[in-house]
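Subject: Structure for you to look at

Hello,

Here is the structure I said I would pass on. My notes on what was found in it follow below.

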Amino acid sequence: MAYLTLAAAILSEVLATTAMKYTEGFSRLWPSVGTALGYLLAFALLAQTLKSMSVGTAYAIWSGAGTAVIAAIGMVFLGESATALKVLGVLLVIAGVVVLNLDGAH
């Protein structure tokens, strides 16, 4: 159940960050409201996850997955450059999360 709650926290954070792109510096009301509510929900779900998962593992997954997904959204949907170096950076973030989780698994 902790991983499901964490996945919901990640989804909420990704949606909030994506909405932030459309706030125009928090000058547009509804994208700004969506961003604030999304982050509030993301942190509430992350806090629930921490009741049954170590903070290092939960935060590594939350931040790493969020970073990788947001970078992919930027490259695929928002017209940001998809250079080999950027893709390598995302892969390194994912690899770091995997290694942290392997270390915590024993």
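The buried residues of helix H2 pack against two other helices, H1 (2-20) and H3 (55-77). Please keep in mind that this is a predicted model.

Helix H2 covers residues 29-49. Its buried residues are Pro-31, Ser-32, Thr-35, Gly-38, Ala-42, Leu-45, Leu-46 and Thr-49. Looking down the axis of H2, these buried residues fall within an arc of 165°, so they line one face of the helix. The face turned away from that buried side carries the exposed residues Leu-29, Trp-30, Leu-37 and Leu-40. As for length, H2 has 21 residues, which at 1.5 Å a residue should span 30 Å; the end C-alpha atoms are 30 Å apart, so the two values agree.

One residue of helix H1 to look at is Thr-5. Is Thr-5 buried or exposed? Its relative accessibility is 19%, and the cut-off for buried is under 20%, so Thr-5 counts as buried. Leaving aside residues up to four places away in sequence, Thr-5 touches Leu-45, Gln-48 and Thr-49. Leu-45 and Thr-49 are among the buried residues of H2 listed above.

Helix H3 has 23 residues, which at 1.5 Å a residue should span 33 Å; its end C-alpha atoms are 32 Å apart, which agrees. The buried residues in H3 are Thr-57, Ala-58, Ala-60, Ile-61, Trp-62, Gly-64, Gly-66, Ala-68, Ile-73, Gly-74 and Met-75. Ala-72 is also in H3, but with a relative accessible area of 34% it is partly exposed. Just after H3 comes Gly-79, which takes a positive phi of about 75°.

Helix H4 spans residues 84-104 and contains Val-87. Val-87 counts as partly exposed because its relative accessibility is 36%, and partly exposed lies between the limits of 20% and 50%. How far apart are the C-alpha atoms of Val-87 and Ala-72? They are separated by 8.6 Å, with the two residues 15 apart along the chain.

Val-87 also belongs to a nonpolar surface patch, together with Leu-91, Ile-94, Val-98 and Leu-102. The area of this patch is about 430 Å².

Regards

Conventions:
Residues numbered from 1 in each chain as written. Predicted model: local features only at pLDDT ≥ 70, side-chain atom pairs only at ≥ 80, totals over all residues. Heavy atoms only, no water. Patch = residues over 30% accessible without salt bridge, like charges linked within 9 Å, V, L, I, M, F, W, Y side chains within 5 Å. Areas by Shrake-Rupley, 256 points an atom, 1.4 Å probe, with all protein chains shown as cover. Salt bridge = Lys/Arg side-chain N within 4 Å of Asp/Glu carboxyl O. Helix = DSSP H or I, 4+ residues; strand = E, 2+ residues; numbered from the N terminus. Buried < 20%, exposed > 50% of the residue type's maximum accessible area, 1.4 Å probe, protein only. Expected span 1.5 Å × (residues − 1). Arc of directions from axis to C-beta. Contact = heavy atoms within 4.5 Å.
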